[in-house]
Amino acid sequence: MKNKAQLLYALTVFISASFGILNAQSAPVGPEFGIKGGANMSNLYSGDVDDKNAIYGFNAGFYAAFPISDNIFIQPEILYTTKGAELEYNSDFVSGVGRFRLNYIEVPLLVKFKLTQNFNIHVGGYASYLVDGKVTNESNAGGAFDFEENINADDFNRFDAGLSAGVGVDFDPLSIGLRYNYGLTTVGKERSFLGTNYTFPDAKNSNLSLYVAYKLN
């Protein structure tokens, strides 16, 4: 009798615990809203992508995540992000560094898969609008060739779009992630000079972002 009572007690505890676990797993997942920001390593590419002329910048903005199942989310974002490239030059007469910076309002649209409670991958695309930009040059010629000029954004393609993929680690309410954006749109516009058509810069954006996100709800 005592053994049966112990068995019944153990079975009751097991069923109660199992029911609690099932309830926890099936609890509705709500939308998330938060802020995020981080560092960029950007480049312009015309053939193979590399980090030879990378320039460093930042990204900052807001995100939301809407569940379509317990572990799959649609995640739109709106970000201010910097892109561009850097070129080091060295000749017999002068050497220095030229920097080409482009500033965008960017709207990624991603599908996020939570593979575990603390790890996710996300894939999708982005569209962005060129706000402004700047070209700078720093040389060893005592300032003779140094300059800093704002670009006319209308001389470039205002709209950019591309593919996005990344990974993230979640420590509620903080997340840390790494994302790569592969641009599909040429940055420069086609122009004509003395009857010859050319595109400058005839290149596309490449951008690697390290970010930290904070969930507000």
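**Entry 1. Terms and the exposed end of a salt bridge**

I count a residue as exposed when its relative accessible area is over 50%, and as buried when that area is under 20%. I am working on a predicted model. I looked up D172 and found a relative accessible area of 62%, so D172 is exposed. Which lysine does the side chain of D172 meet in a salt bridge? I found K215 as the partner, with 3.2 Å from N to O. I then placed the two residues: D172 is in the loop between β7 (159-171) and β8, while K215 is in strand β11 (residues 204-215). The pair therefore links distant parts of the chain, 43 residues apart. For K215 I noted a relative accessible area of 17%, which makes K215 buried.

**Entry 2. The salt bridges of E77**

I recorded 9 salt bridges in the structure. Side chains of opposite charge can pair when their charged atoms come close. I followed E77 through two of its contacts. The side chain of E77 meets that of K36 in a salt bridge, at 3.2 Å from N to O. E77 belongs to strand β3 (residues 72-90) and K36 to strand β1, so this pair ties together parts that are 41 residues apart in sequence.

Are E77 and K36 buried or exposed? I found both of them buried; for E77 the relative accessible area is 3%.

I next looked at R179, which forms a salt bridge with E77, the closest N and O atoms being 2.9 Å apart. Because E77 lies in strand β3 and R179 in strand β8, the pair ties together parts that are 102 residues apart in sequence. R179 counts as buried, at 5% relative accessibility. I noted that K36, E77 and R179 are joined into one network by salt bridges that share partners.

**Entry 3. Lysines over rings**

I returned to K36 to check its surroundings for rings. Over which ring does the charged end of K36 sit? I found the ring of Y211, with the charged end 3.8 Å from the ring centre. I made a similar note for K83: its charged end sits over the ring of Y104, 5.3 Å from the centre.

**Entry 4. Aromatic pairs**

I entered a count of 6 aromatic pairs. One of them is F33 with F66: the ring centres are 5.9 Å apart and the planes stand at 80°, so I list this pair as edge-to-face. The cut-off that decides the label is an angle over 60 degrees. I located F33 in strand β1 (residues 32-45) and F66 in strand β2 (residues 55-67), so the pair ties together parts that are 33 residues apart in sequence. F33 is partly exposed, with a relative accessible area of 37%. F66 also counts as partly exposed, at 37% relative accessibility.

I then examined Y45 and Y182. Why is this pair stacked? The ring centres lie 5.1 Å apart and the planes are at 25°, and planes under 30 degrees apart count as stacked. Y45 is in strand β1 and Y182 in strand β8 (residues 174-186), so the pair ties together parts that are 137 residues apart in sequence. I found Y45 buried, with a relative accessible area of 7%, whereas Y182 is partly exposed, with 31%. I closed the entry with Y180, which forms one aromatic cluster with Y45 and Y182.

Key
Residues are numbered from 1 along each chain as its sequence is written. This is a predicted model: local features need pLDDT of at least 70, side-chain atom pairs count only at pLDDT 80 or more; totals for chains, interfaces and linings use all residues. Side-chain values use heavy atoms; hydrogens and water are left out. Rings of Phe, Tyr and Trp (its six-membered ring) pair if their centres lie within 6.5 Å; planes under 30 degrees apart count as stacked, over 60 as edge-to-face and the rest as tilted. Helices (H or I, at least four residues) and strands (E, at least two) are DSSP runs, numbered from the N terminus. Buried means under 20% relative accessible area, exposed over 50%, partly exposed in between (1.4 Å probe, protein chains only). A charge sits over a ring if NZ of Lys or CZ of Arg is within 6 Å of the ring centre and within 35 degrees of the ring normal. A salt bridge is a side-chain nitrogen of Lys or Arg within 4 Å of a carboxyl oxygen of Asp or Glu.
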